Amino acid sequence: FGLGTPAIDFNGDTYSSAILSVNGTLEVGTASGVATSFANQNLPDPITPNNILAPFWRDLNGCPGDGSQGNLYAATLNAGPFQWFVVEWEDIPFFGIPSRSTFQIWMGTNASAGGNTIHYTYARLDDAAANYTVGAENASGTIGDSYYFNGAGTQAAVGVDIEVVTVAGGSATLGFQVVTDCSEDPTVNTGEAENDGNTETAIAVTTCP
């Protein structure tokens, strides 16, 4: 369901709303218009919804308003110069089994002296060895990371907080030299560099005198 939020900066944009899913995710903003389904993704993933914060994305079976199925909370907390927008999944059962989970997202707001920081915290994880996603992604689902996905990575753990950090991209300069016999004029030379599955292409056109 949709939530109003204080001003939150995420990946360079400011948002005042979000979509909360019982399945352990928060979409920053409301671009998709839908909550995440039970089928967790390996982030990043361009399939909508995007701009996802996923402290514990798996097939959960909570029922907002019915305490027997756990509860969902959202609140803005002030502590001195700091202000936090906090979302909590409390004692939410897993689909088909009685195990439950309690976890939170803490997001520093733009008004906070320590704003724009995001943490995942965990108080109860009865079954943390199952398939789920802990991670985050950007608005297009092209940049992000899975801290844990279906057995790969580091599992979430009670008492261990996870900070979501946005790292600015860098740049690199690549040079190459081509020797041609001028059998074709002009000659088009292409070089490719790949990093983490992303391929960049450089093209040089050589014309003989």
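# A tour of an all-strand model

Start with the rings: the count comes to seven aromatic pairs in this predicted model. Select Phe56 and Phe94 to see one of them. Their ring centres are 6.0 Å apart and their planes meet at 40°, so this pair is tilted. The two residues come from distant parts of the chain: Phe56 sits in strand S4 (residues 52–57), while Phe94 sits in the loop between S6 and S7. In sequence they are 38 residues apart.

Are these two rings buried or exposed? Phe56 is buried, with a relative accessible area of 0%. Phe94 is buried too, at 1%.

**Next, select Phe103 and Tyr122.** They form another tilted aromatic pair. Here the centres are 6.4 Å apart, with 35° between the planes. Phe103 belongs to strand S7, and Tyr122 belongs to strand S8 (residues 118–125). The pair links distant parts of the chain, 19 residues apart. Both Phe103 and Tyr122 are buried.

A pair of aromatic rings is described by the distance of the centres and the angle of the planes. Keep those two values in mind when you look at other rings.

**Now widen the selection.** Which residues do ring pairs link into a cluster? They are Phe56, Trp89, Phe94, Phe103, Tyr122, Tyr132 and Tyr148. Show them together as sticks. Then add Arg58. Arg58 lies over the face of Phe94, 3.9 Å from the ring centre.

**Switch to the cartoon view.** How many helices and strands does the protein have? There are zero helices and 14 strands. Read along the sequence, the pattern is β-β-β-β-β-β-β-β-β-β-β-β-β-β. Strands of a sheet pair through backbone hydrogen bonds, either parallel or antiparallel.

**Colour the five-stranded sheet.** This open sheet has the order S5-S6-S7-S8-S12, with antiparallel pairing. Strand S5 (71–79) and S12 stand at the edges. Each has a single partner strand, so one side of each is left without a neighbour in the sheet. On average, neighbouring strands of this sheet are turned by 20° against each other, direction ignored.

Zoom in on S5 and strand S6 (residues 82–93). Nine bridges pair them in the antiparallel sense. Pick Tyr73 to find one match: its bridge partner in S6 is Glu88.

**Stay in this sheet and click Ser101.** Ser101 is in strand S7 (residues 100–108). Its relative accessible area is 0%, so Ser101 is buried. What is Ser101 in contact with, leaving aside its neighbours within four places in sequence? The list is Phe56, Leu60, Trp89, Glu90, Asp91, Ile92, Phe94, Arg124 and Leu125. Some names are familiar: Phe56, Trp89 and Phe94 are among the members of the ring cluster.

**Colour the seven-stranded sheet.** This one is open as well, in the order S1-S2-S3-S4-S9-S10-S11, with antiparallel pairing. Its edge strands are S1 and S11, and each pairs on one side only.

Begin at the S1 edge. Strand S1 (residues 2–10) and strand S2 (residues 13–21) run antiparallel, joined by six bridges. Select Asp9: it stands opposite Thr14 in S2. S1 and S2 form a hairpin with two residues between them. In the turn, look for Asn11, which has a positive phi of about 55°.

Move on to strand S3 (residues 25–28). Two bridges join S3 to S4, and the two strands run antiparallel. Pick Leu26 here: its bridge partner in S4 is Leu53. S4 is also the strand that holds Phe56 from the first stop.

In a regular strand the side chains alternate between the two faces of the sheet. Turn on the side chains of one strand and look along its edge.

**Visit a loop.** Select Ala156. Its place is in the loop between strand S11 (152–153) and strand S12 (162–164). Is Ala156 buried or exposed? At 5% relative accessibility, Ala156 counts as buried, because the cut-off for buried is under 20%. Now add Tyr120. Ala156 and Tyr120 are 36 residues apart in sequence, yet their C-alpha atoms are 9.3 Å apart in space.

**Finish with the whole protein.** Turn on the surface. The accessible surface comes to about 11,200 Å², and 51% of it belongs to carbon and sulfur atoms. Buried residues make up 39% of the 209 residues. Among contacts with a separation of 6 or more, 49% involve residues 24 or more positions apart.

Key: Residues numbered from 1 in each chain as written. Predicted model: local features only at pLDDT ≥ 70, side-chain atom pairs only at ≥ 80, totals over all residues. Heavy atoms only, no water. Helix = DSSP H or I, 4+ residues; strand = E, 2+ residues; numbered from the N terminus. Buried < 20%, exposed > 50% of the residue type's maximum accessible area, 1.4 Å probe, protein only. Contact = heavy atoms within 4.5 Å. Areas by Shrake-Rupley, 256 points an atom, 1.4 Å probe, with all protein chains shown as cover. Pairing = 2+ DSSP bridges. Axes fitted to C-alpha atoms, helices over the stretch in contact; angles between N-to-C directions. Phe/Tyr/Trp six-rings, centres within 6.5 Å; stacked < 30°, edge-to-face > 60°. Lys NZ or Arg CZ within 6 Å of the ring centre and 35° of its normal.
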